[in-house]
Amino acid sequence: MPSDSGQDAGLRVAYAVVEVYPYLKTGGLADVSAALPPALRKQGIDARLVVPDLPAFSGVVSHRERVQILGPAFGASEVAVARARLPDSDVPIYLIEAAELFDRPGNPYVDENGIEYADNHRRFALFGWAVARFADGDWRPDIVHAHDWHAGLVPAWLASIPGPRPASIFTIHNLAYQGLVPAAQVPELGLPSRFHDVDGIEYHGGASFMKAGIYFADALTTVSPTYAQEIQSTTGGMGLEGLLSSRSSDLIGILNGVDPELWNPATDRLLEVNYDANRLHLKAQNKVVLQSQFGLRADLNAPLCIAISRLIEQKGIDVLLDVVPDIVDAGAQLLVLGSGDQRLEARLTRCTEDYPGQVAAYIGYDDGLSHQMFGGGDLIIVPSRFEPCGLTQLYGLRYATLPIVTPVGGLADTVVDADQTTTPPESGNGFVTRGPAGTDLRSTLTRAFDRYHDATRYHQLQQNAMSADFSWTRAAEQYAELYRRLRRESI
Ligand code: ADP
Ligand code: GLC
């Protein structure tokens with residue numbers, strides 16, 4: 001339980017989100033919602049999760065107890081809120097029950113053929129409405145913290161409540177997914193018609209869940225300081241830069257952290273051999289296992305590059321595939337774990353056929369394999385076109401698998417180039433391209449491979465990488481400060 005002492009005593013935060021690791025994950029959002037609420041509770045904040053009652057959650061919770069009946073709404077015959085417990089967690093969870101809309105297995109946004117559900121606008125409008133009603137129930141949060149477009153209508157519904165209401169925070173994890181609604185479907189969102197205005201949820205005649213969150217929330221955050229700047233520009237704002245710039249003083253970037261219990265090479269049970277900064281030589285044993293498992297040449301001197309990613313344009317996977325011949329020519333190896341765009345999957349498969357023994361891939365999603373790859377890889381390549389925060393470079397740093405990244409978003413905020421001259425040279429922890437995705441990956445790889453073969457200097461970079469502090473405690477302190485400020489302002 002949160003402590004009752006200290007300045008955060010009694011501060012109540014409802015954390016509205018769709019994904020929570022390990023129950024439901026399509027990306028880094030799930031990692032964040034698994035780690036941040038417990039980190040907030042350690043600060044004495046009473047943080048509680050509010051999620052749609054998807055099978056991934058209903059299948060694992062215990063002690064389910066209905067606390068609010070909200071009646072029929074949005075095409076669901078009955079909407080209710082149930083309180084429950086997650087296994088091995090002290091974070092209370094509330095489930096928004098609406099069987100007709102949420103009781104669908106698998107991915108929360110698309111059907112088994114990868115097609116978006118036609119009623120997503122109603123499903124997530126219901127979620128926003130129900131979270132706002134929940135906040136007006138028996139347990140009253142001071143702050144409702146909503147995440148990504150799925151929860152974008154939460155701040156709008158809260159703004160529709162007359163009289164005292166909780167303050168709202170909207171966190172942008174990725175501006176590329178906006179939840180756009182065609183004009184004909186806008187009435188189905190259920191909001192009062194005055195909300196469908198340029199000063200509101202209206203977007204090119206239709207509506208945007210993302211815009212709604214940005215427009216109506218009392219405070220805005222995103223997941224790195226650099227991304228907070230990028231999204232206010234024409235190149236990074238994805239059509240919302242004007243609104244975001246107008247809210248500049250309410251927008252801050254707070255870097256995500258790393259869950260030290262899940263991501264620690266000294267204790268990670270998924271690794272063949274555990275290691276830490278003092279026993280780095282043991283890391284090579286994980287490399288041997290990976291090379292043998294994937295038919296890569298058994299060669300400890302060959303730098304083993306890995307990539308673990310959704311295979312989509314954002315992630316610059318095409319740029320990575322362009323440089324595969326260079327990786328191979330340099331005597332290095334590449335192992336990719338990911339799935340997504342079918343054309344990229346096919347190109348990747350062709351590369352593995354063209355370069356057996358040097359390029360391998362697992363097309364699919366595999367959490368255990370991802371850990372083994374962080375444990376056994378030498379370098380992790382993250383050539384994203386944009387990256388709000390990015391987690392794989394952070395996991396790479398923890399596991400001394402040095403990141404090679406483009407200088408965007410959270411990648412720019414967390415990776416310090418080994419050859420930079422602006423800060424002390426000994427602060428380097430990876431390699432940063434000197435231009436955007438697609439311009440300089442080749443020469444950056446060359447620099448990384450040269451450094452790899454210079455054992456002493458490479459070892460120093462690995463030490464720097466492992467000692468970097470990306471704890472959730474630091475992030476939770478920043479969120480706590482924001483919550484406190486909002487609570488003061490709303491009194
Ligand atoms: P995004 O959320 O944009 O996909 P992040 O870097 O924030 O990017 O988070 C991706 C998360 O998903 C990381 O935890 C990464 O390890 C994991 N991941 C991505 N692809 C796979 C995969 N194919 N198998 C296992 N884990 C994956
Ligand atoms: C999004 C972003 C990613 C970020 C994650 C968690 O999926 O694409 O960069 O790390 O959210 O905040």
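Biologist: Which residues of α13 are buried?

Modeller: In this predicted model, they are G368, L369, S370, H371, M373, F374, G375 and G376. Buried here means a relative accessible area under 20%.

Biologist: Why is helix α13 called largely enclosed by the rest of the structure?

Modeller: Helix α13 spans residues 367–376, and eight of its 10 residues are buried, so the description follows from that count.

Biologist: What covers the buried residues of α13?

Modeller: The cover includes the helices α9 (283–293) and α14 (392–398). It also includes the strands β13 (304–311), β14 (333–340), β15 (359–363) and β16 (379–382).

Biologist: What makes a polar contact at the start of α13?

Modeller: A side-chain oxygen of D366 comes within 3.1 Å of the backbone nitrogen of G368. The cut-off for a polar contact is 3.5 Å, so this pair counts as one.

Biologist: D366 has a backbone too. What does a backbone N or O atom of D366 lie 3.0 Å from?

Modeller: Its partner is a nitrogen atom of ligand 1. Another nitrogen contact of this ligand runs to G364, where a polar backbone atom is 2.8 Å away. On the oxygen side, an oxygen atom of ligand 1 is 2.6 Å from a polar backbone atom of G28. Each of these distances is within 3.5 Å, so each pair is a polar contact.

Biologist: How much of ligand 1 does the protein bury?

Modeller: Taken alone, ligand 1 exposes 560 Å², and the protein buries 92% of that.

Biologist: How many residues surround ligand 1, and which are the closest?

Modeller: There are 18, and the closest are K25, G28, R310, K315 and G364. By type, the shell holds five nonpolar, seven polar and six charged residues.

Biologist: Which element gives the most to the shell around ligand 1?

Modeller: Strand β13 does, with three residues. At least two residues each come from α1, β13, β14 and α14. Seen by domain, domain 1 (12–257 + 472–490) and domain 2 (280–467) each supply at least three residues of that shell.

Biologist: How do you know where ligand 2 lies relative to domain 1 and domain 2?

Modeller: Domain 1 and domain 2 both give residues to the shell around ligand 2, so the ligand lies between them. That shell has 13 residues, the closest being H173, N256, E387, C389 and G390. It divides into six nonpolar, six polar and one charged.

Biologist: Which side-chain atom lies 2.5 Å from an oxygen atom of ligand 2?

Modeller: It is a polar side-chain atom of E387. The backbone takes part as well: an N or O atom of C389 lies 3.0 Å from an oxygen atom of the ligand. For P388, a polar backbone atom and an oxygen atom of ligand 2 are 3.5 Å apart. Ligand 2 taken alone exposes 310 Å², of which the protein buries 93%.

Biologist: N256 is among the closest residues to ligand 2. Is N256 buried or exposed, and how do you know?

Modeller: The relative accessible area of N256 is 4%, and the limit is under 20%, so N256 is buried. N256 sits in the loop between β12 (251–253) and α9. Leaving out residues up to four places away in sequence, N256 touches V32, V223, C389, L391, L394, W472 and R474.

Biologist: How far apart do the C-alpha centres of domain 1 and domain 2 lie?

Modeller: They lie 33 Å apart. The contact takes 19 residues from domain 1 and 17 residues from domain 2.

Biologist: Is G44 buried or exposed, and what makes it so?

Modeller: G44 has a relative accessible area of 3%, under the 20% limit, so G44 is buried. Its place is the loop between α1 (28–42) and β2 (46–52). G10 is 34 residues from G44 in sequence, and their C-alpha atoms are 8.0 Å apart in space.

Biologist: Is D88 buried or exposed?

Modeller: At 88% relative accessible area, D88 is over the 50% cut-off and is therefore exposed. D88 lies in the loop between β4 (76–85) and β5 (93–97). Its phi is near 50 degrees, a positive value in a residue other than glycine.

Biologist: Why does H204 count as buried or exposed?

Modeller: H204 has 73% relative accessibility, and exposed means over 50%, so H204 counts as exposed. H204 is found in the loop between β9 (202–203) and β10 (206–208). Although not a glycine, H204 has a positive phi of about 45 degrees.

Biologist: What is the omega of the peptide bond from Y21 to P22?

Modeller: Omega is near 5 degrees, and the bond is cis. P22 is placed in the loop between β1 (12–16) and α1.

Notes:
Residues numbered from 1 in each chain as written. Chains lettered and ligands numbered in written order. Predicted model: local features only at pLDDT ≥ 70, side-chain atom pairs only at ≥ 80, totals over all residues. Heavy atoms only, no water. Near = heavy atom within 4 Å. Polar contact = N/O pair within 3.5 Å; in protein donor to acceptor, adjacent residues only side chain to side chain. Areas by Shrake-Rupley, 256 points an atom, 1.4 Å probe, with all protein chains shown as cover. Nonpolar A, V, L, I, M, F, W, Y, C, P; charged D, E, K, R; others polar. Domains from an automatic or database assignment. Buried < 20%, exposed > 50% of the residue type's maximum accessible area, 1.4 Å probe, protein only. Helix = DSSP H or I, 4+ residues; strand = E, 2+ residues; numbered from the N terminus. Contact = heavy atoms within 4.5 Å.
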